[in-house]
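This note is addressed to a colleague who is meeting the structure for the first time. Please read the numbered points alongside the sequence and the model.

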Amino acid sequence: MTSPLFQKYAVASKHAWIVGDIHGQYELLLQVLKQKGFDPGSGDRLFSVGDLIDRGPDSLKTLQLLNEPWFYAVMGNHEQLLLKGLAAMQGEGSVADILNWQSFNGGDWYQPKSDTALQVAALLEKVRTLPIAIELETESGRVGIVHAAVPDNIWLDINLLSHADSQKYILWNRDNGLKARSFEQGELPSNDGNLHRVEGIDKLVVGHTIMNCGHPVLLGNTLYLDVGAANGVAPAVISASDLLALNRQGRQVS
Ligand SMILES: [Mn+2]
């Protein structure tokens with residue numbers, strides 16, 4: 001059960017690392033990877049929840065991570081904004097698609113007919129074919145990765161993935177992310193694993209909704225990994241082995 005939209009990888013949990021939203025923070029990402037001892041030469045691989053680009057200083061460099069053999073990503077809503085914006089610049093779409101990316105969502109690093117534009121064009125097929133979901137199968141359990149959320153808290157009906165409505169939900173929905181934020185702020189009484197559990201997967205990792213507390217938040221079996229790279233915070237990185245060992249009581253995830 002695999003498709004271009006849903007990619008599965010069998011990988012040792014200690015070699016699978018997951019990174020939250022990067023948003024152009026290339027240097028900060030490299031620092032974190034160094035700190036964590038991430039080493040592609042030893043077989044380490046990095047899986048991204050999407051939103052590689054926009055808002056931070058080095059969006060082209062973070063998009064070019066797609067060229068690295070050790071780097072994998074699901075599509076984020078910012079990659080979708082880029083695709084729609086670029087299509088509109090070619091006459092397939094509306095001015096609103098361009099403004100929505102470039103004026104309202106940090107896509108102003110891209111200038112048509114520039115050297116950057118040429119380099120983005122060289123990556124476009126890779127962006128267009130990013131999966132919506134990735135599943136890691138490790139010796140310690142299975143990890144699901146999508147950008148924002150999974151419909152009905154169920155992992156994951158592959159038939160949903162080709163529907164535009166489901167894709168929109170998976171890339172944009174903030175309901176659970178806002179719950180995680182409320183939980184961290186003490187506004188949600190229970191972190192009962194059953195209440196907030198996503199069925200059909202051991203751990204789910206998402207980004208998209210910034211955890212204002214500045215560290216990842218675990219609610220149920222979902223780890224919310226966007227710590228605010230859009231605002232200049234270093235992207236959060238965790239190994240699958242650490243992730244799978246987290247219990248639902250864990251508040252602070254370093
Ligand atoms: Mn996002």
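The points below take up the sheets, the core, the helices and a few single residues in turn.

1. **Nature of the model.** The structure under review is a predicted model. Residue numbers start from 1 along each chain.

2. **The six-stranded sheet.** Six strands form an open sheet in the order β1-β5-β6-β7-β9-β8, and their pairing is mixed. β1 and β8 are the edge strands, each of them pairing on one side only. On average, neighbouring strands of this sheet are turned by 20° against each other, with direction ignored.

3. **Strand β5 and its two partners.** Strand β5 covers residues 133-138. On one side, β5 runs parallel to strand β1 (residues 6-10), to which five bridges join it; within this pairing, Q7 stands opposite I134 of β5. On the other side, β5 pairs with strand β6 (residues 141-145) in the antiparallel sense, again over five bridges. Here T138 stands opposite G141 of β6, and a hairpin of two residues joins β5 to β6. As for burial, β5 is mostly covered, since five of its six residues meet the criterion of 20 or more other C-beta atoms within 10 Å.

4. **The β8 end of the same sheet.** β8 pairs with strand β9 (residues 222-224) in the antiparallel sense, over three bridges. One of the facing pairs sets L219 opposite T222 in β9. Helix α7 (residues 175-184) lies across β7, β8 and β9, and it runs at about 105° to β8.

5. **The four-stranded sheet.** A further open sheet consists of four strands in the order β4-β3-β2-β10, with mixed pairing. Why is one side of β4 and of β10 left without a neighbour in the sheet? β4 (71-73) and β10 (237-239) stand at the edges and each has a single partner strand, so one side of each remains unpaired in the sheet. The twist from one strand to the next averages 25°. Further inside the order, strand β2 (residues 16-19) pairs with strand β3 (residues 45-48) in the parallel sense, over four bridges. V19 has S48 as its bridge partner in β3.

6. **The nonpolar core.** The largest nonpolar core contains 65 residues, and those with the most contacts inside it are I18, F47, V74, I145, V146, V205 and V206. β2 contributes the largest share of this core, namely four residues. I145 may serve as an example: apart from residues up to four places away in sequence, I145 touches I18, F47, V49, V74, A133, I134 and V205.

7. **Helices α3 and α4.** How do the axes of these two helices cross? The axes of helix α3 (residues 77-89) and helix α4 (residues 95-102) come within 8 Å and cross at roughly 140°. The two helices are therefore oblique to each other, an angle counting as roughly antiparallel only when it is over 145 degrees. The crossing of α3 past α4 is left-handed. In this packing L81, L82, K84, G85, A88 and M89 of α3 meet V95, D97, I98, N100, W101 and Q102 of α4.

8. **Residue T209.** T209 is found in the loop between β7 (203-206) and β8 (217-219). Is T209 buried or exposed? T209 is buried, because 21 other C-beta atoms lie within 10 Å, where 20 or more are required. With neighbours within four places in sequence left aside, T209 is in contact with R174, G177, L178, R181, Y224 and D226. The C-alpha atoms of T209 and V74 are separated by 16 Å, the two residues being 135 apart along the chain.

9. **Two aspartates with positive phi.** D51 has a positive phi of about 60° although it is not a glycine, and phi of D152 is likewise positive, near 60°. D51 is found in the loop between β3 and α2 (59-63), whereas D152 belongs to the loop between β6 and α6 (164-172). Which of the two terms, buried or exposed, applies to D51, and which to D152? D51 is buried, because 32 other C-beta atoms lie within 10 Å. D152 is exposed, because it has 12 other C-beta atoms within 10 Å, and a residue counts as exposed at 12 or fewer.

Notes: This is a predicted model: local features need pLDDT of at least 70, side-chain atom pairs count only at pLDDT 80 or more; totals for chains, interfaces and linings use all residues. Two residues are in contact if their C-beta atoms, placed from the backbone, lie within 7 Å. Two strands pair if DSSP finds at least two bridges between them. Axes are lines fitted to C-alpha atoms, for helices over the stretch in contact, and angles run from 0 to 180 degrees between N-to-C directions. A nonpolar core is a set of buried Ala, Val, Leu, Ile, Met, Phe, Trp, Tyr and Cys residues joined through C-beta atoms within 7 Å. Angles under 35 degrees count as roughly parallel, over 145 as roughly antiparallel, 65 to 115 as roughly perpendicular and the rest as oblique. A crossing is left-handed if the near helix is turned anticlockwise from the far one by less than a right angle, and right-handed if clockwise.
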